[in-house]
Amino acid sequence: MSDFPTSARAVIIGGGIAGCSTAYHLAKMGWSEVVLLERKKLTSGTTFHAAGLVGQLRSNANITQLLGESVRLYRTLEAETGLGTGWKMNGGLRLACNAERWTEVRRQATTARSFGLDMRLLTPKEARELWPLMTIDDVVGAAFLPTDGQANPSDITQALARGARMAGAAIFEDTRVLSVDVRDGVIKGVVTDRGRIACEKVVLCGGQWSRAFAATVGVNVPLVSVEHQYMVTEPIDGVTPDLPTLRDPDRLTYYKEEVGGLVMGGYEPNPIPWALDGIPEDFHYTLLGSNFDHFEQITALSLGRVPALETAGVKQLINGPESFTPDGNFILGEAPELKNFFVGAGFNAFGIAAGGGAGMALAEWVARGEPPYDLWPVDIRRFGRPHFDTDWVRRRTLEAYGKHYTMAWPSEEHDSGRPCRKSPLYDILKAKGACFGEKLGWERPNWFADTAAGETANDIYTFGRPNWHDAVGREHRAAREAAVLFDQTSFAKFVLKGPDAEAALNWIAANDVAKPVGSLIYTQMLNDRGGIECDLTCARMRQDEYYIVTGTGFATHDFDWIVRTIPDGMNAQLFDVTSAYSVLSLMGPRARDILSRVTRDDVSNAAFPFATFKTIGIAGCPVNALRITYVGELGWELHLPVEYATTVYAALMQAGAEFGLIDAGYRAMETLRLEKGYRAWAGEITPDHTPIEAGLGWACKLRSGLPFKGCEAVAAQKANGVKRMLATFTTDDPDFILCGRSTIFRNGRRAGYLASAGFGHTLNRWIGLGYVRSDEIIDADYVLSGAYELEVGTERVACKVHLQPLHDPRMERVKC
C-alpha cells in the first residue's frame, strides 16, 4: 500500500534549503501533516552548488535578526539531528581599501552595534593576523564579525530535512508537481505525477523555477536566473580550518576555507543571464560550463589580494545559475494574488545565510497568517506592475547583481529599465531641470537643478554633503516662505465602494471614518498586535464611496491588506484607480493666494477647512482638492484626471509666478516632513510599531467604543504604558552628517537607533527620528530627562531630544 498522502495541512514545493527549513519549522510548531515535494533530489536545484558563506549584517534590523536566526539554528542542528552540517563559526572579515569604503564600513559597524551585533573595527595589520594570506598594501581598515561563519549547503539541508522528518513532516523526492488545484480563487490541492494531495495551503520554494510555476496560478514572483561562478583550489599552505570568511568588496571578491584550500568567487559588473527562454526540462544536479574568460576579471582582482592563488592548483571553476531579484533581496510571504499561496525564493546567492531564518519566518506566516515581525524589505508585496514583465525584471536584476559589492551610497537610484511609468508632466519637468528618481517603476522628481546657474540634474553620490543639498535647500525654503508644487502622480489611489463601505472601512481603519461626505481622514490600519500595517488618507466621496491615497511603493501591499481585511459578508469592493489621476500638491504659506487665482470656488479657511475635500474647477478641469499636508504648511493635494495635468500645471505656475511658486521634489519633501515630525511607513512606523509608541494615539477611535482591528492591543498598551517612544533628535554641528541607523545613546547607554535622518534647512541642523527604548515602562519625562548622543560611523556627537514638532507654522516659530 502506498505511503503517498492524499491530504495535508500544507504542501511545500521544492527541496532546497528554503523548502527544507520551512518544513522543519512547521513540523516543530506541531504541524505534523506537512508534506514536502521535490521533483528530483533534495538540494539538486541550486542549493548543492552554493558557496556556503553565512553573513548576518544587513541594512535592516529585522533582516539582520532573521539571518541571526539562521546562525542560532545552525549552531545546534547537528547535535539535534545527528547529521553533520559543516557549520563553523569562524567569523567574517570585510575590507576597506579607500576612504569612502572605510566610511561605509564604519557606518556598518555602527549599524551592527545598533542591531546588537559585535562588529569590531581592525587595523590592516590586525586583519592580516586573522587572514595571513592576504596583502594589505591598499587596505585602510577592516571589520570583523565573530559570529559569522560558513556551512556545507547540502549537509545542512539534509540535516534540516531529517529534523523535519523527526518532527513528523513527510518528504517525497522524485515527485513532480504538475499543477495547483484552484477553484473559484481557493486552493483545493496539488496534483503530482504520483497523485493528488488535498490541501489548503501551498508553499512554493522552487528557486529559479518559482517564477514560471507561480505564473500558472496567476502569481507574480519577480526573479530571473543569472550565472554565478566561484573557484575551488587545491590545498594552499597557510590555509587553516579556522580561517574567517573574507569579503573584499573593492575587489568584488569573497573567500572561504574549504578542505585546506580556498573558495574564491565574486560579483562581476557584467553578469550573464541564463535560461532566457526557460530552464531546460531535466535540469538538476547540473552545472554550466566553466567560463574562464568571463571569470578572468575576478581572478585578476583576487591575485592582488591573495598572491598564493597565482600558483595554487584549481580543482574546479563552478558555474551554477542562481535566482536573483530586482532589488537584491529575497522574496517571502503570502502572494497578494492568491490566498494561502506562499513564496520563499530569490535568495540572490545568500540562501544558506538566509535559509534557516527564512524558513522560520515563512512557517510562522503559514501557521499564524503573519510573519513573526516586520519583513517589509523581503515581502512579496513590495513589487508592482513593472515586475510582471520578465524583460524589465531581468534588466533591473542584472544591475542589482552588478552592484552587489559596489558602494551602498545614501539615496542611490537604479538606472536600468527607465523611464517606465511617467507622469504627463515628465517631459515638462525634465526640461525644467528635474533630476528624477524611481519607485515601483514611476519616474518622480527628486530635485530641480538651476541649469541657468550651471547646475546639472545628476546625482553625485557621497557619504558627505551631496551635490543636491543646495537645490533641496532652495525648494525647502520656498515651501516655508512662498509656495512649491510637487508632482505626486505616482501616489497609489484606490476607491472603496459598496453599501457596506463605511462599516468595512471603520473596522479596518484605526481612526473613525464615519464622517460626513467631504471629510478627509488620516488613519492607520493595524494588525491584531496593534502594529501599523498601512498609513494613509481616506476621503469620503459619497455615502457608499471612499477615495484612498497611500504611498507609491505601498500600492500592492496596502491594496492587499484592505481587500483581505474586509469582513466576510460585507458588500464593499476595492478598485485601483492609480493610473486615472494625476496629483499636483500645492504647498506653502502662499498656496491659498495661488489657488484663489485659478478657481472661482471659495478656498478660504472658513469655507475650506483642514481635513476636508471639495471638487473645484481649474482651467476647465474638475479637481478633487484635498486640504492636507505632509510638509507642515498650508496646502492642497489636487487630484485630477490625467488628461488635464499639463493644463492645470500651467495655470498654477502662471498664477503662482508673482508669489514665488517653484517646482519641488521628493527630497525637499523629506526634509520638510522631518522638521514637522511627520511619520513615514517603513521608516518610523511599521507592523512592529503601534500608534501609541509612535505618538499617533490621537488617530485611534478608542473613546468611541467602536471596534476596529487591533483595538484591544492598542487599548491595553495605552492603559499599561510603553517601553519605547518615538522622538526627534537634533545636533548643533551642521557638518556632522546624520544617517538612518545611527545609534541613540541615553546617559551613555545604547537606547535605540534612528529610523530616518536628514538636514532641516529651516533649522540649519541635522534631524533624526528614532525610538527611545527601555526594558521598563517609560513616559515623556523619561525621554526628555536623559542626556543623549548619536553615533555615526563609530563617532559620537551630542544631541537634543524633542517630543514636539520642530516646526509649526501656526506658532510662527522654530523650536531648536
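This talk goes through selected local features of a predicted model, from helices and loops to cysteines and cavities.

Good morning, colleagues. Let me begin with two helices.

The first is α3, which covers residues 99-114. Its 16 residues reach 23 Å from the first C-alpha to the last, close to the 22 Å expected at 1.5 Å a residue. How many of the residues of α3 are buried? The count is 12 of 16, so the helix is largely enclosed by the rest of the structure. Among those buried residues are Trp102, Val105 and Ala109, but also Arg101, Glu104, Arg106 and Arg107. Several threonines belong to the buried set as well, namely Thr103, Thr110 and Thr111. Ala112 and Ser114 are also included.

The second helix is α8, residues 351-368. With 18 residues at 1.5 Å each, α8 should span 26 Å, and its end C-alpha atoms lie 24 Å apart, which agrees. Where is α8 kinked? The kink is centred on glycine 357 and amounts to about 35°. Helix α8 is mostly covered, with 16 of its 18 residues buried. Directly after the helix comes glycine 369, which has a positive phi, near 85°.

I turn now to the backbone in the loops. As background, most residues other than glycine have a negative phi, and most peptide bonds are trans. Which residues are joined by a cis peptide bond? They are arginine 418 and proline 419, with omega at about -10°. Proline 419 sits in the loop that connects α9 (390-402) to α10 (426-431).

Two further residues deserve attention for their phi values. Alanine 611 is not a glycine, yet its phi is positive, at about 65°. This alanine belongs to the loop between α14 (591-598) and β30 (613-618), and its relative accessibility of 26% makes it partly exposed. Asparagine 764 is likewise not a glycine and has a positive phi, of about 60°. The loop that holds asparagine 764 runs between β36 (749-760) and β37 (765-778). Is asparagine 764 buried or partly exposed? With a relative accessible area of 47%, asparagine 764 is partly exposed.

Next, some separations along the chain and in space. Isoleucine 618 is in strand β30 and is buried, with a relative accessible area of 0%. Its C-alpha atom is separated by 9.8 Å from that of leucine 640, which is 22 residues away along the chain.

Aspartate 450 lies in the loop between β22 (442-448) and α11 (469-481). At 31% relative accessibility, this aspartate counts as partly exposed. Aspartate 450 and alanine 96 are 354 residues apart in sequence, and their C-alpha atoms are 36 Å apart in space.

Valine 517 is placed in the loop between α12 (501-508) and β25 (520-526). With a relative accessible area of 42%, valine 517 is partly exposed. From valine 517 to leucine 122 the C-alpha separation is 63 Å, for a pair 395 residues apart along the chain.

Let me now address the cysteines. How many disulfides does a search of the whole structure find? The result is zero. Two cysteines serve to illustrate this. For cysteine 711, the closest cysteine sulfur belongs to cysteine 700 and is 9.7 Å away, which is too far for a bond. For cysteine 799, the closest cysteine sulfur is that of cysteine 739, at 13 Å, again too far for a bond. The cut-off for a disulfide is two cysteine sulfur atoms within 2.5 Å. Cysteine 711 counts as buried, at 19% relative accessibility; here the limit matters, because buried means under 20%. Cysteine 799 is buried too, with a relative accessible area of 12%.

Finally, the internal cavities. Rolling a probe the size of a water molecule over the atoms shows where empty space is left. In this model there are three cavities of 30 Å³ or more, and the largest has a volume of about 50 Å³. Which residues line the largest cavity? The lining consists of Phe486, Gln488, Ser585, Met587, Ile628, Thr629, Tyr630, Val631, Glu637 and Met669. By class, six of the lining residues are nonpolar, three are polar and one is charged.

That concludes the presentation. Thank you for your attention.

Terms used
Residues are numbered from 1 along each chain as its sequence is written. This is a predicted model: local features need pLDDT of at least 70, side-chain atom pairs count only at pLDDT 80 or more; totals for chains, interfaces and linings use all residues. Side-chain values use heavy atoms; hydrogens and water are left out. Buried means under 20% relative accessible area, exposed over 50%, partly exposed in between (1.4 Å probe, protein chains only). On a 1 Å grid over the protein atoms alone, a cavity is a set of points where a 1.4 Å probe fits but cannot get out, and a pocket is an open set with protein on both sides within 12 Å along at least five of seven lines; lining residues have an atom within 4 Å of a point. Grid points are joined across faces, edges and corners, and a volume is the space filled by probe spheres set on the points. Ala, Val, Leu, Ile, Met, Phe, Trp, Tyr, Cys and Pro count as nonpolar, Asp, Glu, Lys and Arg as charged, and the others, Gly among them, as polar. Helices (H or I, at least four residues) and strands (E, at least two) are DSSP runs, numbered from the N terminus. The expected span of a helix is 1.5 Å times one less than its number of residues. The bend at a residue is the angle between axes fitted to the seven residues ending there and the seven starting there.
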